[in-house]
Amino acid sequence: MGDTWQDPAVPAARRVPAQPGAGDAGRERVRRERADTGAAEPVWGASASGPDGERSGAGPGGAGGGAARGEHVHSDGAARGEHTHSEPPLPRPRVSVQRSSVRGQVLAALRTALVAGELRPGEVHSAPVLAQRFGVSATPVREAMQQLALEGAVEVVPNRGFRVVERSARELAELAEVRALVEVPVMLRLARTVPASRWAELRPLAEATVRAAVSGCRATYAESDRAFHRAVLALAGNEQLVRIAEDLHRRAQWPLVGGGPDARHRGELVADAHEHTVLLDALIAGDLDVVRDLVREHFTGSASA
């Protein structure tokens with residue numbers, strides 16, 4: 001229409017009347033008016049606060065480069081003849097990067113390597129070298145090793161990497177004692193309240209521990225052993241209990257000083273696994289005295305059962 005541009009920061013009473021064809025002259029007069037009143041020049045598109053206190057670089061038009069309130073913008077931030085100030089702000093589309101899954105896979109692989117004795121107590125490993133082994137960047141490896149440090153499996157060595165913690169028999173015995181304090185009372189309570197049919201449903205998990213023990217793979221047995229205990233404790237309906245017991249169980253499975261893939265003989269693993277099936281038989285039969293003896297022996301007789 002040729003109307004003169006009007007600065008919204010100038011009071012209405014001091015605005016220049018609209019004059020056809022006088023756009024440039026009108027703008028100059030507005031600048032003189034602002035100079036008289038001491039008002040600052042508007043900086044559109046800069047990271048300054050607009051009249052309503054919002055920063056023009058992070059206003060409702062978009063994050064990190066949106067327009068000032070009332071400005072006409074495209075969805076990509078370019079100017080156009082469509083109002084957007086009346087629409088609710090929407091976040092920009094994002095591509096979900098599944099980096100956490102990489103970290104989780106590396107963490108699982110490192111845990112397996114620790115239990116299997118591939119990462120021996122006392123050894124120091126750097127994130128870049130381990131990253132080459134797994135074919136990933138050093139960042140998820142470093143994050144996974146930091147998680148293992150929180151779990152007590154490794155310790156940070158400044159400027160070198162992470163050292164596999166040297167565990168003592170006393171430490172594992174203490175973990176077994178704590179596990180017994182947490183799990184035994186719960187198992188005995190469940191033995192009195194859970195019907196035989198529910199216990200029978202755990203038979204496949206118990207048999208899986210036997211097969212894993214027969215294979216002689218300590219890492220496979222450790223995983224199946226945790227799965228069985230996790231399923232038993234889950235019957236209590238307490239997720240915090242299951243999480244804490246799982247952490248204690250995992251810590252108890254880290255190898256001793258000098259431990260390796262053959263630190264425990266296959267016969268020991270098979271004996272531990274058979275305790276699961278015998279325990280289930282007693283639970284299904286409702287023989288509480290046998291259950292009590294088996295549960296206590298299961299924890300005190302073997303630190304990693």
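**Figure 1. Helix 5 and helix 8 are oblique to each other.** In this predicted model, the axes of helix 5 and helix 8 come within 10 Å and cross at roughly 55 degrees, and because that angle lies neither under 35 degrees nor in the range from 65 to 115, the pair counts as oblique. The crossing of these two helices is left-handed. On the side of helix 5, the contact is made by Arg179, Glu183, Val186, Met187 and Leu190, which meet His229, Val232 and Leu233 in helix 8. By residue class, the contact of helix 5 with helix 8 divides into 5 nonpolar, 1 polar and 2 charged residues.

**Figure 2. Helix 7 is roughly antiparallel to helix 10.** Helix 7, which spans residues 203-215, and helix 10 have axes that come within 7 Å and cross at roughly 165 degrees; since angles over 145 degrees count as roughly antiparallel, this pair is described in that way. The crossing of helix 7 and helix 10 is left-handed. The helix 7 residues Arg203, Ala206, Thr209, Val210, Ala213, Val214 and Ser215 meet a set of helix 10 residues that includes Arg266, Leu269, Val270, Ala273 and His274, and also His276, Thr277, Leu280, Asp281 and Ile284. This contact comprises 9 nonpolar, 5 polar and 3 charged residues.

**Figure 3. The largest nonpolar core contains 26 residues.** Within this core, the residues that touch the most other members are Trp199, Leu280, Leu283, Val291 and Val295. At least two core residues are supplied by each of helix 5 (169-193), helix 8 (218-234), helix 9 (239-252), helix 10 (266-285) and helix 11 (288-300), and the largest share, 7 residues, comes from helix 5. Leucine 280, when residues up to four places away in sequence are not counted, touches Trp199, Leu202, Arg203, Ala206 and Phe228. A second core, separate from this one and made up of 22 residues, includes Val106, Leu114, Ala116 and Ala219.

**Figure 4. Helix 3 packs roughly perpendicular to helix 4.** Helix 3, formed by residues 127-134, and helix 4 pack at an angle of about 115 degrees, with their axes 8 Å apart, and this angle makes helix 3 roughly perpendicular to helix 4. Helix 3 passes helix 4 in a right-handed crossing. From helix 3, Ala127, Pro128, Leu130, Ala131 and Phe134 meet Ala138, Val141, Arg142 and Met145 in helix 4. The residues of this contact divide into 8 nonpolar, no polar and 1 charged.

**Figure 5. Glutamate 151 is buried in the loop between helix 4 and strand 2.** This loop lies between helix 4 (138-150) and strand 2 (154-157), and glutamate 151 has a relative accessible area of 5% there, so the residue falls under the 20% limit for buried positions. Leaving aside neighbours within four places in sequence, glutamate 151 is in contact with Arg111, Asp247, Arg250, Arg251 and Trp254.

**Figure 6. Alanine 169 is an exposed residue of helix 5.** Alanine 169 lies in helix 5 and, at 54% relative accessibility, counts as exposed because that value is over 50%. The C-alpha atom of alanine 169 is separated by 9.7 Å from that of proline 255, although the two residues are 86 residues apart along the chain.

Key: Residues are numbered from 1 along each chain as its sequence is written. This is a predicted model: local features need pLDDT of at least 70, side-chain atom pairs count only at pLDDT 80 or more; totals for chains, interfaces and linings use all residues. Side-chain values use heavy atoms; hydrogens and water are left out. A nonpolar core is a set of buried Ala, Val, Leu, Ile, Met, Phe, Trp, Tyr and Cys residues joined through side-chain atoms within 4.5 Å. Buried means under 20% relative accessible area, exposed over 50%, partly exposed in between (1.4 Å probe, protein chains only). Helices (H or I, at least four residues) and strands (E, at least two) are DSSP runs, numbered from the N terminus. Contact means heavy atoms within 4.5 Å. Axes are lines fitted to C-alpha atoms, for helices over the stretch in contact, and angles run from 0 to 180 degrees between N-to-C directions. A crossing is left-handed if the near helix is turned anticlockwise from the far one by less than a right angle, and right-handed if clockwise. Ala, Val, Leu, Ile, Met, Phe, Trp, Tyr, Cys and Pro count as nonpolar, Asp, Glu, Lys and Arg as charged, and the others, Gly among them, as polar.
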